[in-house]
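Trainee: I've got a fresh model open and would like to walk through it with you. Mind if I fire off some questions?

Mentor: Go ahead, bring it up on the screen.

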Amino acid sequence: MFYRVTSYEFPPGREGDIAAWVDTKTEKIRGIEGLIAVDVFNAAPGRGVIVAAYEDEDNYEAASPVVTAVLGELAQFLTGAPTTMSGVPFWTTRLDAPAAL
């Protein structure tokens with residue numbers, strides 16, 4: 001497993017616009033080889049976080065051009081440059097995922 005965590009800031013109240021835009025990128029995102037999951041959440045008003053899980057670091061590296069392009073397009077909604085960090089988990093546990101969020 002390898003994770004990329006990206007935080008970004010946007011004008012509060014634009015979550016719906018961002019979600020609608022991301023929906024148009026779903027096929028492109030699902031086409032990334034080795035991508036296991038992507039979760040996006042609001043950490044605070046006007047602050048979002050994207051957590052992407054990959055099978056391994058090679059898949060993460062190979063996905064970088066696509067991810068960079070998508071984040072570049074996302075910039076139209078942001079108030080500054082996103083911050084990204086990545087790495088291998090040193091501890092994890094899995095529970096059954098809920099049927100629907």
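Trainee: Let's start with G80: is it buried, partly exposed or exposed?

Mentor: Keep in mind that this is a predicted model. G80 sits in the loop between helix 3 and strand 4 (83-87). Buried would need under 20% relative accessible area and exposed over 50%. G80 comes out at 39% relative accessibility, so its class is partly exposed.

Trainee: And how far apart in space are the C-alpha atoms of G80 and A62?

Mentor: G80 belongs to the loop between helix 3 and strand 4. Along the chain, G80 and A62 are 18 residues apart, and their C-alpha atoms are separated by 25 Å.

Trainee: What about G16 and F77, how far apart are they in space, C-alpha to C-alpha?

Mentor: G16 is part of helix 1, and at 48% relative accessibility it counts as partly exposed. In sequence, G16 and F77 are 61 residues apart, but C-alpha to C-alpha the separation is 11 Å.

Trainee: On to the core. Which residues of the largest nonpolar core touch the most other members?

Mentor: As background, nonpolar side chains tend to be buried together in soluble globular proteins. Here the largest nonpolar core has 18 residues, and the ones touching the most other members are Y8, I18, I32, Y54, V67 and L74.

Trainee: Which element gives the most to this core?

Mentor: Two or more residues come from each of strand 1 (2-9), helix 1 (15-23), strand 3 (47-54) and helix 3. With 6 residues, the top contributor is helix 3.

Trainee: Now for charges. How many salt bridges are there?

Mentor: The pairing needs a side-chain nitrogen of Lys or Arg within 4 Å of a carboxyl oxygen of Asp or Glu. R14 and D17 meet that way at 2.7 Å, N to O. By this rule the count is 3.

Trainee: Take R14 and D17, then. What is the relative accessible area of D17?

Mentor: The side chains of R14 and D17 meet in a salt bridge. R14 has 29% relative accessibility and counts as partly exposed. D17 is partly exposed too, with a value of 38%.

Trainee: Which residue forms a salt bridge with R47?

Mentor: R47 is in strand 3, and its partner lies 38 residues away in strand 1, so the pair links distant parts of the chain. R47 is partly exposed at 32% relative accessible area, and the partner is partly exposed at 38%. The N to O distance is 2.3 Å, and the partner is E9.

Trainee: How about E73 and K25: how many residues apart in sequence are the parts that this pair ties together?

Mentor: E73 forms a salt bridge with K25, with the closest N and O atoms 2.7 Å apart. E73 lies in helix 3, while K25 is in the loop between helix 1 and helix 2 (26-30), so the parts tied together are apart in sequence by 48 residues.

Trainee: Does K25 count as buried or exposed?

Mentor: Its partner E73 counts as partly exposed, at 30% relative accessibility. For K25 the figure is 15%, and since buried means under 20%, K25 counts as buried.

Trainee: Which residues gather in the patch of negative charge on the surface?

Mentor: Let's look at a couple of members before listing them. D58, in helix 3 (residues 57-74), is exposed, with a relative accessible area of 63%. E33, in the loop between helix 2 and strand 2, is exposed as well, at 66%. The full patch is E33, E55, D56, E57, D58 and E61.

Trainee: How far apart in space are E33 and S64, C-alpha to C-alpha?

Mentor: E33 is in the loop between helix 2 and strand 2. In sequence E33 and S64 are 31 residues apart, and C-alpha to C-alpha the distance is 11 Å.

Trainee: Last one: is P45 buried or exposed?

Mentor: P45 has its place in the loop between strand 2 (35-44) and strand 3. From Y3, P45 is 42 residues away in sequence and 24 Å away in space, C-alpha to C-alpha. Exposed means over 50% relative accessible area, and at 72% P45 counts as exposed.

Notes:
Residues numbered from 1 in each chain as written. Predicted model: local features only at pLDDT ≥ 70, side-chain atom pairs only at ≥ 80, totals over all residues. Heavy atoms only, no water. Patch = residues over 30% accessible without salt bridge, like charges linked within 9 Å, V, L, I, M, F, W, Y side chains within 5 Å. Areas by Shrake-Rupley, 256 points an atom, 1.4 Å probe, with all protein chains shown as cover. Lys, Arg positive; Asp, Glu negative; His and termini not counted. Charge placed at Lys NZ, Arg CZ, Asp CG, Glu CD. Helix = DSSP H or I, 4+ residues; strand = E, 2+ residues; numbered from the N terminus. Buried < 20%, exposed > 50% of the residue type's maximum accessible area, 1.4 Å probe, protein only. Core = buried A, V, L, I, M, F, W, Y, C linked by side-chain atoms within 4.5 Å.
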